[in-house]
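Trainee: I should like to learn how to read helix packing and burial from a set of coordinates. May we work through one example together?

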Amino acid sequence: MACKSLLYQTVPLACPRTTPLGRVKSKFGFGTVRGCSSGSISKSWIGVSSSFPDTAFVVPTDDKYGNKQIISITPRLYDYILSNVREPPILRELREETAGMSGSQMRVSPDQAQLLAMLVQILGAQRCIELGVYTGYSSLAVALALPESGCLVACERDEKVLRVAKSYYQRAGVSHKVKVKHGMAADILKSMIMDGEACSYDFAFVDAEKRMNQEYFELLLQLVRTGGVIAIDNVLWHGKVADPLVNDAKTLSIRNFNENLMEDERVSISMVPIGDGMTICRKR
């Protein structure tokens with residue numbers, strides 16, 4: 001789990017107010033911006049955005065993409081996106097309670113939770129795994145989407161936040177679907193493999209220690225069936241992965257993991273710029 005900044009950081013780049021098409025440079029490289037009418041612009045392909053009129057677009061620097069305009073997610077537009085999320089009342093209650101807790105930034109966003117639930121429904125999933133539960137927002141969304149006979153193995157090392165999650169599983173009437181495992185995620189996964197559960201899961205969501213992503217992924221590939229899905233959160237890491245000047249341990253780990261996934265023929269992948277970035281992998 002990690003901070004969900006919702007990509008609202010501002011990049012202070014100059015852009016003439018009277019110029020409808022600007023070519024700008026920052027430490028991230030050159031970029032073309034359309035519809036810029038303020039003193040700052042966004043670079044959405046690196047996961048940052050500023051609060052300015054909603055007509056802003058970015059265009060990839062590589063001309064081979066043919067001036068394809070990509071809309072920037074401004075605060076106003078994101079509010080609109082949230083207004084189109086079908087968030088069940090019990091999830092809203094959990095989100096609001098979590099908002100006042102320490103570490104509340106670790107919870108997935110409502111649009112992410114809706115996507116996770118839809119993936120479970122599209123797959124017709126029966127058996128799921130989640131690494132990194134926090135107070136249970138994403139796991140509750142998945143459990144609600146599972147059929148009555150479904151099962152979610154929810155792994156979390158923090159017993160305090162697990163108590164909140166368990167209370168909401170009970171309130172939502174899904175406790176019978178959720179098997180809570182308290183401990184280190186890698187150890188739990190290894191135990192499940194030793195217990196003969198390989199290739200028996202349909203879906204897994206990873207939102208735990210970022211420097212362990214590669215190990216989690218390798219273990220989950222053993223547990224998820226062919227055609228199953230593994231979704232990994234925080235793959236854009238607040239845009240740091242695209243900044244060559246940022247080389248702290250977590251950023252390097254996520255950047256390396258993303259590069260490894262690009263070369264991994266065992267899965268089909270799609271990196272989705274939702275929340276702090278999510279990569280969806282389908283096991284071949």
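Trainee: Which residues of H2 are buried?

Mentor: In this predicted model, the buried residues of H2 are Ile90, Leu91, Leu94 and Thr98.

Trainee: How should the spacing of such positions in a helix be read?

Mentor: The general idea is that an α-helix has 3.6 residues a turn, so residues three or four places apart point the same way. In the present case, the four buried residues cover an arc of only 100° around the axis, which puts them on the same side of H2.

Trainee: What covers the buried residues of H2?

Mentor: The cover includes H4 and helix H5, the latter spanning 159-172.

Trainee: How is the packing of one helix against another described?

Mentor: Two packed helices are described by the angle between their axes and the distance between the axes. Here, the axes of H2 (residues 89-99) and H4 (residues 137-145) come within 10 Å, crossing at roughly 170°. With angles over 145 degrees counted as roughly antiparallel, H2 and H4 are therefore roughly antiparallel to each other.

Trainee: Which residues of H2 and H4 meet?

Mentor: From H2, the participants are Ile90, Leu91, Leu94 and Arg95, and they meet Tyr137, Leu140, Ala141 and Leu144 of H4. Sorted by class, this contact has seven nonpolar residues, one charged residue and no polar ones.

Trainee: Let us turn to backbone torsions. Which value of phi does Asn234 have?

Mentor: Phi of Asn234 is near 65°, a positive value in a residue other than glycine. Asn234 is located in the loop between strand S9 (224-233) and H8. Trp237, in the loop between S9 and H8, also has a positive phi, near 50°.

Trainee: Are Asn234 and Trp237 buried or exposed?

Mentor: The cut-off for burial is under 20% relative accessible area. Asn234 has 0% relative accessibility and therefore counts as buried; Trp237, with a relative accessible area of 7%, is buried too.

Trainee: What does Asn258 touch?

Mentor: Leaving aside residues up to four places away in sequence, Asn258 touches Val235, Val241 and Met271. Asn258 lies in helix H8, residues 249-263, and counts as buried at 12% relative accessibility.

Trainee: How many helices and strands does the protein have, and how much of the protein is buried?

Mentor: There are eight helices and 11 strands, and 50% of the 284 residues count as buried. The protein exposes about 13300 Å², of which carbon and sulfur atoms supply 54%. Among contacts with a separation of 6 or more, 65% join residues 24 or more positions apart.

Notes: Residues are numbered from 1 along each chain as its sequence is written. This is a predicted model: local features need pLDDT of at least 70, side-chain atom pairs count only at pLDDT 80 or more; totals for chains, interfaces and linings use all residues. Side-chain values use heavy atoms; hydrogens and water are left out. Axes are lines fitted to C-alpha atoms, for helices over the stretch in contact, and angles run from 0 to 180 degrees between N-to-C directions. Helices (H or I, at least four residues) and strands (E, at least two) are DSSP runs, numbered from the N terminus. Angles under 35 degrees count as roughly parallel, over 145 as roughly antiparallel, 65 to 115 as roughly perpendicular and the rest as oblique. Contact means heavy atoms within 4.5 Å. Ala, Val, Leu, Ile, Met, Phe, Trp, Tyr, Cys and Pro count as nonpolar, Asp, Glu, Lys and Arg as charged, and the others, Gly among them, as polar. Buried means under 20% relative accessible area, exposed over 50%, partly exposed in between (1.4 Å probe, protein chains only). Accessible areas come from the Shrake-Rupley method with a 1.4 Å probe; for residues, only the protein chains shown count as cover. The arc is that of the directions from the helix axis to the C-beta atoms.
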